[in-house]
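Student: I would like to go through the labels in this model one by one. For each one, I want to know what earns it.

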Amino acid sequence: MFIKTPDTSESNIRLERQDMITLESELRQAMAGFLAFSSYGLYFPPHPPQEMLVADDQGQRLVPVYHSQEKKALLPLHRHGELLGIFVARNVPGRVTKSTLDLWSCLCRQIMDNLLLHKKTQVDPLTGLANAVCLEQNLGREIRL
């Protein structure tokens, strides 16, 4: 009789909408690393806005949008085609071109990958619960408070 052991080499940990709220400070800090803005918000639409959907050879993809009159940037937060939220940056200075939007798209994907790695360092892949390192960090923070 063979007992099947769980495959932990490929983790089933993934980002969810709740993670965008939990990791909001890390998300804001990462966005501020490449984009100047005076205020921001997170928006969680049930469906991607039509203005963010672009059709190309590989189907539809989500792209950032910039509203020049409002100086507002809408940056999609997505992984593997699933929209988790939209980062809305307000009072974005400067001129935004198509190449700037393409760069923002790449940087948003990188930020989402980094947030997933951050989550994986705090969650046990087998149970999906916080791991010992996360527990120690939170316990230390609570003691200091």
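Tutor: Start with the nonpolar core: a set of buried Ala, Val, Leu, Ile, Met, Phe, Trp, Tyr and Cys residues joined through side-chain atoms within 4.5 Å. Keep in mind that this is a predicted model. In the largest such core there are 23 residues, and Met31, Phe87, Val92 and Leu115 touch the most other members.

Student: Which elements each supply at least two residues of this core?

Tutor: Helix H2 (24-32), strand E5 (72-79), strand E6 (82-90) and helix H3 (98-122). H3 gives the largest share, 6 residues. Another core, of 7 residues, lies apart from it; Leu62, Leu74, Ile86 and Val88 are among them.

Student: With which residues is Val92 in contact, leaving aside its neighbours within four places in sequence?

Tutor: Leu35, Ala36, Phe37, Tyr66, Lys71, Ala73 and Trp104.

Student: What makes E1 and E4 edge strands?

Tutor: Each pairs on one side only. The open sheet has 4 strands in the order E1-E6-E5-E4, with antiparallel pairing. Strand E1 covers 39-43 and strand E4 covers 65-67. From one strand to the next, the twist averages 20°.

Student: How do you know that E4 and E5 pair?

Tutor: Pairing takes at least two bridges. E4 and E5 are joined by 3 bridges, so they qualify. The two run antiparallel. Within that pairing, Tyr66 stands opposite Ala73 in E5.

Student: Which helices pack on the sheet?

Tutor: H2 does, touching E1, E5 and E6, and its direction makes about 125° with that of E1. H3 does too, touching E4, E5 and E6; its direction makes about 45° with that of E5.

Student: Why is His78 called buried?

Tutor: Buried means under 20% relative accessible area. His78 has 16%, so it counts as buried. The residue is found in strand E5. Leaving aside neighbours within four places in sequence, His78 is in contact with Leu62, Leu83, Leu84 and Met112.

Student: And why is Asn12 called exposed?

Tutor: Exposed means over 50%. Asn12 has a relative accessible area of 61%, so the label fits. Asn12 is found in the segment before helix H1 (17-22). Asn12 and Lys120 are 108 residues apart in sequence, and their C-alpha atoms are 9.7 Å apart in space.

Student: What makes Asp56 partly exposed?

Tutor: Its 31% relative accessibility. That value falls between 20% and 50%, so neither of the other labels applies. Asp56 is in strand E2 (residues 53-56).

Student: Why is the link between the side chains of Asp56 and Arg61 called a polar contact?

Tutor: The cut-off is 3.5 Å between N or O atoms. The contact here is 2.8 Å, so it is within the limit.

Student: How do you know that Lys98 forms a salt bridge with Asp102?

Tutor: The limit is 4 Å from a side-chain nitrogen of Lys or Arg to a carboxyl oxygen of Asp or Glu. The closest N and O atoms of Lys98 and Asp102 are 3.5 Å apart, so the pair passes. Being 4 residues apart in helix H3, the two are separated by about one helical turn. Lys98 is exposed at 58%, while Asp102 is partly exposed at 36%.

Student: How many salt bridges does the count come to by this rule?

Tutor: It comes to 7. One joins Glu70 and Lys72, with the closest N and O atoms 3.1 Å apart. Glu70 is partly exposed at 48%, and Lys72 is partly exposed at 22%.

Methods
Residues numbered from 1 in each chain as written. Predicted model: local features only at pLDDT ≥ 70, side-chain atom pairs only at ≥ 80, totals over all residues. Heavy atoms only, no water. Buried < 20%, exposed > 50% of the residue type's maximum accessible area, 1.4 Å probe, protein only. Contact = heavy atoms within 4.5 Å. Axes fitted to C-alpha atoms, helices over the stretch in contact; angles between N-to-C directions. Polar contact = N/O pair within 3.5 Å; in protein donor to acceptor, adjacent residues only side chain to side chain.
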